[in-house]
Amino acid sequence: MTAPTINGTRYPQPVEDLLPAARKLTHELGGLPSRNRLMKRFRIGSEKANELLTLLREERDQQARSDRMHAALVVRGSLAERPTLFPVDPTPDADTPEADPATVDRTEQPAPDRTPTPELVPPVVAVAPSAPSEQATPVESPDTKIGPGRSRRAVVWPVILLALPAFVAIWGGWVGLGKFTGFGKVNLLPGIGSGWVIDTAITLPIGVETYGAFALYVWLSGRVPVRAARFAKWSALGSLGIGALGQVAYHLLIAAGITAAPWWITTLVACLPVAVLGMGAALAHLMHADQ
């Protein structure tokens with residue numbers, strides 16, 4: 001099975017490119033999807049799913065604030081259009097036609113002064129309620145994308161300085177242990193030529209340590225399916241642990257003055273190239289497999 005196509009491109013994709021498809025999924029579900037659903041739908045890691053979920057939650061909250069602001073403005077506008085409740089001066093103008101005497105008897109009852117009674121004057125609060133100060137604060141457009149600030153990436157060149165002495169020590173330890181366990185020069189084309197001779201002891205540091213570093217990168221990248229990330233995690237930790245045990249065994253043999261490793265150490269070391277080949281092939285299949 002092949003990986004799903006999102007925005008015309010197969011994963012992995014940046015969070016910004018996955019955001020439109022995530023909005024569509026949110027609309028289909030009628031609410032925010034879970035992190036596991038985002039990971040399964042878009043084939044992304046937990047870190048990228050958390051970032052995508054954060055963007056969706058911020059857009060939802062800002063849309064809610066915008067809707068409340070719009071509702072408040074509509075309410076204020078409807079109150080402003082209501083007719084006034086204050087009493088109107090009942091004294092007619094000179095040009096006003098004479099009113100019906102029956103009506104005058106009922107309505108026109110002049111008071112001693114023209115001050116309106118409290119019963120006729122409604123409270124000011126009922127006519128024009130004061131708006132909260134936070135409603136007058138302008139809000140940003142709902143279409144504005146708000147995302148977490150991108151911090152500056154850390155430099156990686158110090159890792160090279162750290163790796164150089166470690167590389168020399170690991171290389172020397174594996175090559176020395178390989179010679180103690182029977183690894184040595186081998187003619188790759190027997191019967192054809194004698195120029196293709198290689199020391200097989202170098203296969204130990206290249207195979208074991210290279211696979212450990214690669215599996216560690218796959219595990220922490222967050223760009224592979226969950227099964228592949230889980231396998232990369234445990235195989236990387238196991239490879240690094242075996243590398244440490246190999247260095248310990250070599251230095252113990254040197255300190256004891258032993259020139260040939262015991263049979264059980266030789267057996268374990270001889271199986272390492274086959275184990276590295278199997279783990280590398282399995283990780284490659286899991287990385288391209290569809291869940």
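User: Hi! Starting with α1 and α2: at what angle do they pack, and how far apart are their axes?
Analyst: Hello! In this predicted model, helix α1 (residues 15-29) packs against helix α2 (residues 35-42) at an angle of about 120°, and their axes are 12 Å apart.

User: What do you call that kind of arrangement between α1 and α2?
Analyst: α1 and α2 are oblique to each other. As for handedness, α1 passes α2 in a right-handed crossing.

User: Which residues make the contact?
Analyst: α1 brings Leu18, Ala21, Ala22, Leu25, Glu28 and Leu29, while α2 brings Arg37, Leu38, Arg41 and Phe42. Sorted by type, the residues of this contact of α1 with α2 are seven nonpolar, no polar and three charged.

User: Okay, zooming out. How many helices and strands does the chain have?
Analyst: The chain has nine helices and four strands. Reading from the N terminus, the order is β-β-α-α-α-α-α-α-β-β-α-α-α.

User: And how much of the chain is buried?
Analyst: Buried residues make up 25% of the 291 residues. You may also like this one: among contacts between residues at least 6 apart in sequence, 65% join residues at least 24 apart.

User: Cool. Which residues touch the most other members of the largest nonpolar core?
Analyst: Those are Trp174, Leu177, Leu204, Val269 and Leu283, in a core of 26 residues. Helices α6 (157-180), α7, α8 (226-256) and α9 (263-287) each supply at least two residues of this core.

User: Which helix gives the most?
Analyst: That would be α8, with seven residues in this core.

User: Tell me about Trp174. What is it in contact with, leaving aside neighbours within four places in sequence?
Analyst: Tryptophan 174 has quite a list: Ala201, Leu204, Pro205, Val208, Glu209, Ile242, Gly243, Gly246, Gln247 and Leu272.

User: What other core lies apart from the largest one?
Analyst: There is another core, of 15 residues, and Val15, Ala22, Leu25 and Met39 are among them. Ala22 and Leu25 may look familiar, since they also appeared in the contact of α1 with α2.

User: Back to α6, then. How does it pack with α7?
Analyst: The angle between α6 and α7 is about 125°, with the axes 8 Å apart. That makes α6 oblique to α7. Here too there is a handedness to note: α6 passes α7 in a right-handed crossing.

User: Which residues meet there?
Analyst: From α6 you have Ile170, Trp171, Trp174, Val175 and Gly178, and they meet Leu204, Pro205, Ile206, Val208 and Glu209 from α7. The residues of that contact divide into eight nonpolar, one polar and one charged.

User: What about α7 and α9, at what angle do they cross?
Analyst: They cross at roughly 30°, and their axes come within 10 Å. Angles under 35 degrees count as roughly parallel, so α7 is roughly parallel to α9. The crossing of α7 past α9 is left-handed.

User: Who's involved in that contact?
Analyst: On the α7 side there are Leu204, Gly207, Val208, Tyr211, Phe214, Ala215 and Val218. On the α9 side there are Val269, Leu272, Pro273, Val276, Met279, Gly280, Leu283 and Met287. By type, the contact of α7 with α9 has 13 nonpolar, two polar and no charged residues.

User: Let's pick Ala215 from that list. Is it buried or exposed?
Analyst: Alanine 215 is buried, because its relative accessibility is 0% and buried means under 20%. Its place is in helix α7 (residues 203-221).

User: What does Ala215 touch, apart from neighbours within four places in sequence?
Analyst: Alanine 215 is in contact with Ala232, Ser235, Ala236 and Leu283. Also, its C-alpha atom is 8.8 Å from that of tryptophan 234, and the two residues are 19 apart along the chain.

User: How about Ala275, where is that?
Analyst: Alanine 275 sits in helix α9. With a relative accessible area of 36%, alanine 275 is partly exposed. Between the C-alpha atoms of alanine 275 and serine 239 there are 9.8 Å, with 36 residues separating the pair in sequence.

User: Last one: what's the phi of Arg43?
Analyst: Arginine 43 has a positive phi of about 55°, although it is not a glycine. Arginine 43 lies in the loop between α2 and α3 (46-80), and at 14% relative accessibility it counts as buried.

Methods. Residues are numbered from 1 along each chain as its sequence is written. This is a predicted model: local features need pLDDT of at least 70, side-chain atom pairs count only at pLDDT 80 or more; totals for chains, interfaces and linings use all residues. Side-chain values use heavy atoms; hydrogens and water are left out. Buried means under 20% relative accessible area, exposed over 50%, partly exposed in between (1.4 Å probe, protein chains only). Contact means heavy atoms within 4.5 Å. Axes are lines fitted to C-alpha atoms, for helices over the stretch in contact, and angles run from 0 to 180 degrees between N-to-C directions. Angles under 35 degrees count as roughly parallel, over 145 as roughly antiparallel, 65 to 115 as roughly perpendicular and the rest as oblique. A crossing is left-handed if the near helix is turned anticlockwise from the far one by less than a right angle, and right-handed if clockwise. Ala, Val, Leu, Ile, Met, Phe, Trp, Tyr, Cys and Pro count as nonpolar, Asp, Glu, Lys and Arg as charged, and the others, Gly among them, as polar. A nonpolar core is a set of buried Ala, Val, Leu, Ile, Met, Phe, Trp, Tyr and Cys residues joined through side-chain atoms within 4.5 Å.
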